[in-house]
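Below is a short briefing on one protein chain. Look at the sequence and the model first, then read the points by topic.

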Amino acid sequence: MVDTPAPNLASLVSSNPKIMGGTLVFTGTRVPVATLFDHLEAGDSLEVFLDDFPTVTREQAVAILAVARTALEARASAA
């Protein structure tokens, strides 16, 4: 896997009390970010998630996963 810089989180997700009660969603959608992780935890592929939520782009989903990976790697390195 090629190491690429993590995207700016603010460009990927948003939170607004008027949209889904302030739940963290993919920017430009009403799809909670947690839904991506729920699908993956359930054993669904990224393709299934994207088919279920067509307003989320592949780039957005992959970028969120990259942000999560970077955060976990940083935490592991600090431990």
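Phe49 is buried, with a relative accessible area of 0%. This value comes from a predicted model. Phe49 lies in helix H3 and belongs to an aromatic cluster with Phe26 and Phe53.

**The aromatic cluster**

- The structure holds two aromatic pairs.
- In one pair, the ring centres of Phe26 and Phe49 are 6.1 Å apart and the planes meet at 45°. The pair counts as tilted because that angle is neither under 30 degrees nor over 60.
- Phe26 lies in strand E2 and Phe49 in helix H3, so this pair ties together parts that are 23 residues apart in sequence.
- Phe26 is buried, with a relative accessible area of 0%.
- Phe49 also pairs with Phe53, at 5.2 Å centre to centre and 35° between the planes, and this pair is tilted.
- Is Phe53 buried or partly exposed? Phe53 has a relative accessible area of 23%, and because buried means under 20%, Phe53 counts as partly exposed.

**Helix H2 and its buried side**

- Helix H2 covers residues 33–41.
- Which residues of H2 are buried? They are Val33, Thr35, Leu36 and His39.
- Why do these buried residues lie on the same side of H2? They cover an arc of only 160° around the axis, which puts them on the same side.
- As background, an α-helix has 3.6 residues a turn, so residues three or four places apart point the same way.
- The buried residues of H2 pack against two strands, E1 (13–14) and E2 (25–26). They also pack against two helices, H3 (46–52) and H4 (58–78).
- Strand E2 and helix H3, which hold Phe26 and Phe49, are thus among the elements that the buried residues of H2 pack against.
- Just after H2, Gly43 takes a positive phi of about 95°.

**The chain as a whole**

- The protein chain has four helices and two strands.
- Along the sequence, these elements follow the pattern α-β-β-α-α-α.
- The chain has 79 residues, and 25% of them count as buried.
- The accessible surface of the chain comes to about 5300 Å². Carbon and sulfur atoms account for 60% of that surface.
- Among contacts between residues at least 6 apart in sequence, 34% join residues at least 24 apart.

Notes. Residues numbered from 1 in each chain as written. Predicted model: local features only at pLDDT ≥ 70, side-chain atom pairs only at ≥ 80, totals over all residues. Heavy atoms only, no water. Buried < 20%, exposed > 50% of the residue type's maximum accessible area, 1.4 Å probe, protein only. Arc of directions from axis to C-beta. Contact = heavy atoms within 4.5 Å. Areas by Shrake-Rupley, 256 points an atom, 1.4 Å probe, with all protein chains shown as cover. Phe/Tyr/Trp six-rings, centres within 6.5 Å; stacked < 30°, edge-to-face > 60°.
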